[in-house]
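Got your viewer open? Let's take a short walk through this one, picking selections as we go.

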Amino acid sequence: METQIKQLLGTVVHPETGTDIVTSGMIEHLAATNEKKTVVLRFAKARDPFAVKIKNQVEALLKEHFPQSEILVVVKEGGQAPRPEPKEKTTTGSIAHIVAIASGKGGVGKSTVTANLAIALRNMGFRVGILDADIYGPSQPKMFGVEGYVPDAVQEDGTDLIVPAESMDIRLMSIGFFIKPTDALLWRGAMAVNALKQMIHQTKWGPLDFLLLDLPPGTGDIHLSIIGELKIDSAAIVSTPQQVAVADVVRGAEMFRNPNVNIPIAGIIENMAWFTPEELPENRYYLFGKGGARRFAEENGIGLLGEIPIVQSIMEGAEEGRPATAIDPRVEQHYREIAERIVENVMKKR
Ligand code: ADP
């Protein structure tokens, strides 16, 4: 079926180059199932005047030939378009890689993944920090047992800096250090933007290999303001098997792919992919179906970074202020695989 689609797309010619979009290598990704056809088109220019026209042509062709199928055509612009520079100089200059961890919805385990990934990267010998920007539920202080930490202010070269918490060799700055859980949500949003800006521009990180950014769930103004302030190298999207097919995850991916944002997506992390009881460590129960994230990733031209099962120690670790990766080698192995893929991904992009 993919060959057939390629033949079809071979009839679409870019008016400027006079070459068809297949020959000129503009098909970055193609996935076809009976239910869905996905094409990712790559335009070399940042704002190709023919992008919309070609996208519409491709959509129309596919709809005509596969009327029963869902059609998704994604446009990526700018071969290696430069990412927007942050508006202000940030204190993250001494950080080699900033990786955002996002999710379509709350409660899918984004913060737990962030904390455990941080430990997995630490175990690989990297210097790691976490910037917890989840204004709706900042949970990193609890995950690392530093709730109630009051950041100190210090002066360095005439600028005021705030000192991050440190736990298990992870430097941690959290919006939770600045807002009370009882603050009304509306008020929180307004305060949060300013507090986030301060955290981004004034944290005394010191040299780090990785800064993991725990984003709020979903997509919204707060994301745009963070993206505008901070140069993010790569993004990972966390989802559960039930949530992976819903629109929020696609919206998350689209946010990073937006030409004005243009943050490479390292891939999807499927959390709670299966259940393994403590006493039967070899058994896997796929409570919510199997392989959903892999399919979704393939269909949307996104990589799959890895799958994490439901494990009691992961939940307990989050409660006890010590991520399970620090103490449970079986758990560590899952996050380690994902960490290795992220490392590979960001190194490749340099
Ligand atoms: P989010 O940041 O997406 O809102 P959290 O990381 O706070 O989600 O996770 C929600 C709940 O699920 C927490 O109680 C956490 O301990 C638990 N949890 C997350 N991932 C796992 C897992 N793989 N196994 C067991 N419990 C998990």
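How many nonpolar, polar and charged residues does the shell around the ligand have? Keep in mind that you're looking at a predicted model. Select the ligand and show what surrounds it: you should pick up 16 residues. Colour that shell by class and you'll get nine nonpolar residues, six polar ones and one charged residue.

Now label the closest members of the shell, which are Gly107, Lys110, Ser111, Thr112 and Pro309. Start with Gly107 and show its backbone: a polar atom there is 2.7 Å from an oxygen atom of the ligand. Val108 is your next click, again with the backbone on, where a polar atom is 3.1 Å from a ligand oxygen. Then switch to side chains and pick Thr112, which has a polar side-chain atom 2.5 Å from an oxygen atom of the ligand.

Turn on a surface next. On its own the ligand exposes 560 Å², and the protein buries 80% of that. If you have pockets drawn, look in the second largest one, as that's where the ligand sits. Four elements each give two or more residues to the shell. To see them, select helix H3 (110-123) and helix H9 (312-320), then add strand E12 (265-275) and strand E13 (304-310).

Last stop: leave the ligand and select residues 27-32 and 36-43, which are strands E1 and E2. The two strands pair in the antiparallel sense, over five bridges. Follow the chain from E1 to E2 and you'll pass through a hairpin of three joining residues. To finish, click Ala31 and look across to E2, where Thr38 stands opposite.

Methods
Residues are numbered from 1 along each chain as its sequence is written. This is a predicted model: local features need pLDDT of at least 70, side-chain atom pairs count only at pLDDT 80 or more; totals for chains, interfaces and linings use all residues. Side-chain values use heavy atoms; hydrogens and water are left out. A residue is near a molecule or strand if one of its heavy atoms lies within 4 Å of it. A polar contact is a pair of N or O atoms within 3.5 Å; within protein, one must be able to donate a hydrogen and the other to accept it, and residues adjacent in sequence count only if both atoms are side-chain atoms. Accessible areas come from the Shrake-Rupley method with a 1.4 Å probe; for residues, only the protein chains shown count as cover. On a 1 Å grid over the protein atoms alone, a cavity is a set of points where a 1.4 Å probe fits but cannot get out, and a pocket is an open set with protein on both sides within 12 Å along at least five of seven lines; lining residues have an atom within 4 Å of a point. A molecule sits in a cavity or pocket if more than half of its atoms lie within 2 Å of its grid points. Ala, Val, Leu, Ile, Met, Phe, Trp, Tyr, Cys and Pro count as nonpolar, Asp, Glu, Lys and Arg as charged, and the others, Gly among them, as polar. Two strands pair if DSSP finds at least two bridges between them.
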